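Reader: I have a chain in front of me and would like to understand how its parts fit together. Can we go through it in short steps?

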Amino acid sequence: MPALRALRRAFGEAEITLATPRALAPIVQEMGEVDRLLHTVGLEPLRWDGPPPSLAVNLHGRGPESIDLLRGLRPQHLLTHAHPARPDVGGPPWRADRHEVRRWCDLLAHAGIPADPDDLALPRRHDPAEPGPVIVHPGASHAARRWPPECYGAVARFLVQRGHQVTITGSALERPLARRVAAVAELSSAEVLAGCTGLDGLVELVATARLVICGDTGIAHLATAYGTPSVVLFGPVPPALWGPRRPRHRVVWKGGTGDTFADRPDPGLLEIGVTDVTDAVGEVLWATEGGEASWVPTGSASWAPVTSD
């Protein structure tokens with residue numbers, strides 16, 4: 001988002017095309033900085049149907065595959081990170097220790113295009129009179145980043161017992177996972193929205209939610225963009241690279257790193273206990289709401305209600 005906004009400011013009325021999967025169209029529309037979406041499938045050749053672009057910007061990664069895709073468009077200028085496999089292509093070196101948001105801002109700065117890494121906010125479609133439910137999102141693209149559903153269920157049950165409305169979200173493929181969480185939390189099937197919302201509906205839910213509880217996955221970035229408080233669980237990847245950078249969010253991480261693409265939960269993620277998460281939830285609710293609607297963590301996940309003075 002900061003990179004796209006920086007490009008819009010730098011190039012005014014130029015047409016900006018974003019190459020991305022069609023499924024992300026609702027997010028692209030929310031951004032408001034993109035004129036056209038070019039549907040992509042993995043790293044297949046781009047189906048470009050116009051004259052060569054004046055500028056192609058590689059916001060995908062450091063690999064030579066994405067560099068080659070953009071070079072295939074024969075742009076007048078190519079902005080990308082350097083890669084040893086493509087020595088004839090200039091660009092700044094890739095820094096593995098850089099937060100993902102700052103990475104793309106730094107890339108643009110290399111070309112003299114200023115970008116603000118804190119320019120992350122998406123406009124809400126409307127502000128509800130009352131915040132929506134607490135969203136519990138147990139899924140992630142890889143098993144390494146999925147906290148056990150029994151643990152998510154225990155957190156959800158804890159919230160329900162204290163009067164919070166809880167909704168379980170996810171994709172259609174994650175519906176069995178969401179049902180397991182709901183069963184542990186003793187929630188009805190009506191509170192399981194996995195596979196029922198589509199991305200556009202999920203955006204609306206996150207934008208109006210009271211709180212989002214999830215792993216290191218896309219919904220966490222939506223919570224950041226909409227200013228929705230969140231508790232995000234990290235395992236194989238440190239939050240310094242992908243985590244939220246604002247005070248309305250809490251990261252729960254035990255300090256370890258591992259294989260992001262493993263077919264089982266990361267050992268460090270399994271070190272996170274239910275109490276770690278419920279205490280983080282209490283801290284966020286107290287910090288963002290206060291008063292009668294909040295709960296103060298006591299260090300043992302046994303929250304005490306508080307009232308305003």
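Questions and answers on confidence, one sheet and two helix pairs follow.

Reader: What is the average pLDDT of the chain?

Author: This is a predicted model. In it, 94% of the residues score at least 70. The chain average is a pLDDT of 90.

Reader: Over which residues does pLDDT stay under 50?

Author: The model has 48 contacts beyond four places in sequence for this stretch. Its pLDDT stays under 50 throughout, and the stretch is residues 291-309.

Reader: In what order do the five strands of the open sheet lie?

Author: Strands of a sheet pair through backbone hydrogen bonds, either parallel or antiparallel. Here the pairing is parallel. The twist from one strand to the next averages 15°. Reading across the open sheet, the order is 6-5-7-8-9.

Reader: Which are the edge strands?

Author: An edge strand pairs on one side only. Two strands fit that: strand 6 (166-168) and strand 9 (249-252).

Reader: Which residue in strand 6 stands opposite Val134?

Author: Strand 5 covers residues 134-137. It pairs with strand 6 in the parallel sense, over three bridges. Opposite Val134, strand 6 places Val166.

Reader: Is helix 5 parallel, perpendicular or oblique to helix 6?

Author: Helix 5 spans residues 149-161 and helix 6 spans residues 175-185. Their axes come within 7 Å and cross at roughly 45°. An angle of that kind makes helix 5, relative to helix 6, oblique.

Reader: Is the crossing of helix 5 and helix 6 left-handed or right-handed?

Author: Handedness is a separate point from the angle. As helix 5 passes helix 6, the crossing is right-handed.

Reader: How many charged residues are in the contact of helix 5 with helix 6?

Author: Helix 5 brings residues including Glu150 and Arg157, and helix 6 brings residues including Arg180. By class, the contact has eight nonpolar residues and one polar residue. The charged residues number three.

Reader: Why are helix 7 and helix 8 called oblique to each other?

Author: Helix 7 is residues 198-208, and helix 8 is residues 218-226. Their axes come within 9 Å. The crossing is right-handed. Helix 7 and helix 8 count as oblique because of their crossing angle, roughly 50°.

Reader: How many nonpolar residues are in the contact of helix 7 with helix 8?

Author: From helix 7 come Leu202, Val203, Val206 and Ala207. They meet Ile219, Leu222, Ala223 and Tyr226 in helix 8. No polar and no charged residues take part, and the nonpolar residues number eight.

Terms used: Residues are numbered from 1 along each chain as its sequence is written. This is a predicted model: local features need pLDDT of at least 70, side-chain atom pairs count only at pLDDT 80 or more; totals for chains, interfaces and linings use all residues. Side-chain values use heavy atoms; hydrogens and water are left out. pLDDT is the predictor's confidence in each residue, from 0 to 100. Contact means heavy atoms within 4.5 Å. Axes are lines fitted to C-alpha atoms, for helices over the stretch in contact, and angles run from 0 to 180 degrees between N-to-C directions. Helices (H or I, at least four residues) and strands (E, at least two) are DSSP runs, numbered from the N terminus. Angles under 35 degrees count as roughly parallel, over 145 as roughly antiparallel, 65 to 115 as roughly perpendicular and the rest as oblique. A crossing is left-handed if the near helix is turned anticlockwise from the far one by less than a right angle, and right-handed if clockwise. Ala, Val, Leu, Ile, Met, Phe, Trp, Tyr, Cys and Pro count as nonpolar, Asp, Glu, Lys and Arg as charged, and the others, Gly among them, as polar. Two strands pair if DSSP finds at least two bridges between them.
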